[in-house]
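User: I am new to this structure and would like to be walked through it with some care. Could you show it to me, and then take my questions one at a time?

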Amino acid sequence: MELLLVIMIAILYASGIFMLLRRSMVRLLMGIILIGNGANLLIFLLGGITPGKPPVIAETKSVFTEAYADPVPQALILTAIVISFGIQSFAIVLLRQVYRLLESDDLDDLNTPLEEDI
Amino acid sequence: MKNIILRTATAYLIPLLLLFSVFLLLRGHYHPGGGFVGGLVASIAFVLHGFAFKMQNTLRLMKFHPSKFIPVGLSVSIISSILPMFFKKPVMTGLWLNKPLPILGNVGTSLFFDIGVYLVVIGVTLNILFTISDSGQQ
Amino acid sequence: MILTIFSGLILALFCVPFGRQINKKLSNFLFLIPLSGFIYFLLQLPLILAGQTKTVRYEWVPTFGINLDFYLDGLSLLFSLLITGIGTLIFLYAAAYLKGKQYLSRFYGYLGLFMTAMLGLVSSNNIILLFVFWELTSISSFFLIGFDNENEEAQKSALTALTITGGGGLLLLGGVILMSNIAETYSIKAMVFSAEELKNHSWYGFILLSIFAGAFTKSAQFPFHFWLPNAMKAPTPVSAYLHSATMVKAGIYLLARFTPILGNTSLWNYSLMFVGGITMLYAAFHSLFRVDMKGILAYSTISALGILVFLLGIGTKDAYIAASVFILVHALYKATLFLVTGTVDYATGTRDIRALAGLRKVLLPVAIAGIIAALSSAGVPLFYGFIGKDLIYEATTHSFSLDSTFLTVAAILTNIFIGYSGLLVGIKPFTGKLSEEHSTVRLPGWKLWLPPFILAFCCIIFGCFPGRTSGLMSYVASAIAGKHFNLDLKLWHGVNTVFLLSMITLTGTAFIYFSRRVTNRELIILSTFNKLAPAYLVKKVTDGLLAFAKKFTNTMHNGYLRNYTMTIVLFMVGILSFKLLNGTPLTIDWYHLSPVSFYEVTVAILMLGAIFLSAITKSRLTALVALSVVGYAICILYVMYGAPDLAMTQFAIDTLTVVLFVLVLFKLPPFLNFTNTKIKLRDGLISSAFGGIIGWIALTVLNESVNKEVSPYYAENVYKLAKGKNVVNVILVDFRGFDTMFEIIVLAMASIGVYSLLKVKVKKSERE
């Protein structure tokens, strides 16, 4: 299974980078989301995967008696997911404002003309 | 989006979803759940309402702008984390009531911290969504 | 003692809320602060004269061994007395000189900051602390030079000074860190015990280079001297205080302080003698061709600093004594001359030496001060300068190294020129016939002539009774040499070689003074040599650097985001694959991998399909749906592998993201196909390479055996310490609660950002 996850992560990263290299701003944003997902999975995978055992102590016990999934990567990813939501919403709104201003989705339209370069 | 089915369903779903979000929040310490998820579920409930009845009506339903949740939530979290200082303990030490309360179970500072998180998440999500939909109408 | 040192800083802070009061009246009383410091240090004098030292220690960053560790010995005390003593007079003088200026309170703030920095510099025993204060002096000097902040020349000069001294400071930091690493201590006092080790270390040359770079830039040694004449754009009190009496001597202080640690090797001695010698001759010669009084003084200051470096380089007992005395001598007469210049400038409005004459009739007390200082600088007997000069000749004639005749001749020449410039500034404006336009000049208030007068008075007092200073001077020289010796300064040594040399100098000085007048033709000829001056070369270099930076930036920063991404990605791929290829070859341990189930394969296929779709589709909505499918697939993976919290959060967030996208994007047009297949293919290759590298890294890490300590700790203590059972949640709200706290703060900021971004209305005019 690890191998399958590795392949998925690799493809998530690759497609994310591919999207980043496009000229469209929406694609750029999608690329960022894809890379974010890939990074989360990567952390998850490297923490070691254990099928079906959440890191929650059973109702009647006060310590773990059986194997459990590693809680630390989970906590990290949880934080990452929520933060990336904040970033995404900000980016989406930014994109929208740019679109309203320029009526274009093309990143190159954002450039100042070369003559004005310092 | 003036779908009659959606409206009818939403009317029933909203209390359920909100209840569920509080449930998630409170059980977070012992079972999967917690402030983040709870807050997100609650905001989904309002978003659903917004889709069914238009966002303006949702705002009216809420009586005050959701952005007010943010400072309230932040202060709840911060107060709950510096509270231990007044008991001569390091910041963020968990303080607990001696006896479990009915329904809520053990009550401690980390529960209040989570409530703060819950409120902030609701505030942030709804603030963003309402702002966007608000400006979309202009 | 700490309070005394930091009094200036306190004053600087005080200036912020009380600026208005300072601008009005309070400035007249600020001199009490350095005065109290001066009295404090005077009270320490008996302690030092009894052969003791004083240490004060306050923990600052104890983990790194960086403490507020102060140490007062003869050398520090001499400097402290100079800083506070001259500082008192300057504070007083500036109150009148800069009266009515808009930023007077700021000026005092900078001055106070400088005083603290300088006092800290000369009394700190911790080498890092010394560096901090060193940089502070550079910074406060920058502000003071640029005090006239609307004058473009002043801005430029301030920047030059900061660049030169700051650059030297950086190198100094390198040297200082090397030294403390080798000696394994930050304490300067303790480093003396590692002196031999340092001197024999293979990095010794480099350490010297760095220390010299710091000291030479600060003390304006050739070829870094040019910032000092430029720095004369500062108000005259500043020039008197920083650029003659104290700050520029910081480099000398540094060399003197490190002499017992690094000194007395041939490398040390010869380089100091060489640089000092060149500086003193070059600058002294230069001062012949200046007509601005401050310009003349600037070059003669450089020359005097050259002498000090030169003396430290000779490295004999006589030389150390001469250096110690000359520090005081020079500070006294040069500060006087600067203040005299300032007063003349204030009263007449010009500093051109050719236009000034006969001012004694209108500015008598200033004239007296100027004449005394001039005579002291020329080394006339009965003035303190005479003692200083005698000692210099004593040092050069008795030096062991090189040809002592050669050194002596150099010293004589320098002294003649310095004396000449002293006479020019101190006497020339006051003698001769008073010109018409200056006949109405009035003597300004006492604050503008009393300070130079007091300083000049000191020149005579010390000159007539040099024995009074011998006690302190012996401890200063001992601190430089690192071993104790006694010293008795006398006014009259009898007729011997040294006395003859002094007389030769005096005659030479007088001869040049009476015979020489600067002509315009000379100035023109001289300006043709400007192209060879270090200042010009440095300007060329910086211009070239700027041009290069511009070119480089325009190439790299070409305005296309994807090009930046591509550069970064390619660089990462290159460097990572290089590292991975050189590492251990990848082996996959099939045995340890968990088995693949049917559901997992389904989820994986679903996800890959969605990714592919989102990458190629032309419709935004399709791409959006595909993207959310990717998210939900990941959600399912989390469920399968025991992360229900993650699954729930991911699910909710995914839903909300879709809503967001729909709200914003459904009005936008479909994707345009900007690029052709060739470029797509290239990008595809690059991104696959990157994905491959990531996969490779993941596999490599998976093969490493990990030793987990954190997770079991949390798991064990989750109920014991936090009374919770869901470890993930407890980590979030309890164990790592601070992280969560900052996270919600970040979220709040994002939301405020969104709000303000959307509420800002786009004006029609900005649409272009």
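**A salt bridge and the chains around it**

Analyst: In this predicted model, C:Asp683 and A:Arg22 form a salt bridge, with their closest N and O atoms 2.7 Å apart; a salt bridge here is a side-chain nitrogen of Lys or Arg within 4 Å of a carboxyl oxygen of Asp or Glu. Residues are numbered from 1 along each chain as its sequence is written, while chains are lettered from A and ligands numbered from 1 in the order in which they are written. Local features need pLDDT of at least 70, side-chain atom pairs count only at pLDDT 80 or more, and totals for chains, interfaces and linings use all residues, with side-chain values resting on heavy atoms and leaving out hydrogens and water.

User: In which elements do C:Asp683 and A:Arg22 lie?

Analyst: A search of the whole structure finds 7 salt bridges over all chains. The pair of C:Asp683 and A:Arg22 joins two chains, because A:Arg22 lies in the loop between H1 and H2 of chain A and C:Asp683 in helix H29 (residues 677-703) of chain C. Helices (H or I, at least four residues) and strands (E, at least two) are DSSP runs, numbered from the N terminus. The places asked for are thus the H1 to H2 loop of chain A and, in chain C, helix H29.

User: Is C:Asp683 buried or exposed?

Analyst: Buried means under 20% relative accessible area, exposed over 50%, and partly exposed in between (1.4 Å probe, protein chains only). A:Arg22 has a relative accessible area of 6% and is buried. For C:Asp683 the relative accessible area is 1%, so this residue counts as buried.

User: Which residues are linked in a network of salt bridges?

Analyst: Besides its bridge to A:Arg22, C:Asp683 meets the side chain of C:Arg682 in a salt bridge at 3.2 Å, N to O. C:Arg682 counts as partly exposed, at 39% relative accessibility. The network therefore consists of the linked residues A:Arg22, C:Arg682 and C:Asp683.

User: How many residues does the contact take from chain A and from chain C?

Analyst: Contact means heavy atoms within 4.5 Å. Buried area is the accessible area (1.4 Å probe) that two parts lose on being put together, summed over both, and between chain A and chain C it comes to about 8300 Å², 75% of it on carbon and sulfur atoms. Across this interface the rule finds 1 salt bridge. The contact takes 86 residues from chain A and, from chain C, 95 residues.

User: Which helix gives the largest share of the side of chain A that touches chain C?

Analyst: Across the interface of chain A and chain C the rule finds 7 residue pairs in polar contact, both residues being at pLDDT 80 or more. On the side of chain A that touches chain C, helix H1 (2-20), helix H2 (25-46) and helix H3 (71-102) each supply at least two residues. The largest share there, 24 residues, comes from H3(A).

User: Which residues is C:Gln650 in contact with, leaving aside its neighbours within four places in sequence?

Analyst: C:Gln650 has its place in helix H28 (residues 644-665) of chain C, and with a relative accessible area of 4% it is buried. Apart from those neighbours, C:Gln650 is in contact with A:Asn37, A:Ile81, C:Gly631, C:Ile634, C:Cys635 and C:Tyr638.

User: Which three residues supply 44% of the area that chain B buries against chain A?

Analyst: Here 9 residues of chain B are in contact with 9 residues of chain A, and the area buried between the two chains is about 820 Å², of which carbon and sulfur atoms give 75%. The count of salt bridges between chain B and chain A is 0. More of the area that chain B buries comes from this trio than from any other three residues: B:Phe36, B:Ile128 and B:Ile132.

User: Over which residues of chain A does pLDDT stay under 50?

Analyst: pLDDT is the predictor's confidence in each residue, from 0 to 100, and for chain A its mean is 80, with 87% of the residues reaching 70 or more. Where pLDDT is low, the predicted coordinates should not be read in detail. The stretch asked about, for which the model has 4 contacts beyond four places in sequence, is residues 113-118 of chain A.

Key. A polar contact is a pair of N or O atoms within 3.5 Å; within protein, one must be able to donate a hydrogen and the other to accept it, and residues adjacent in sequence count only if both atoms are side-chain atoms.
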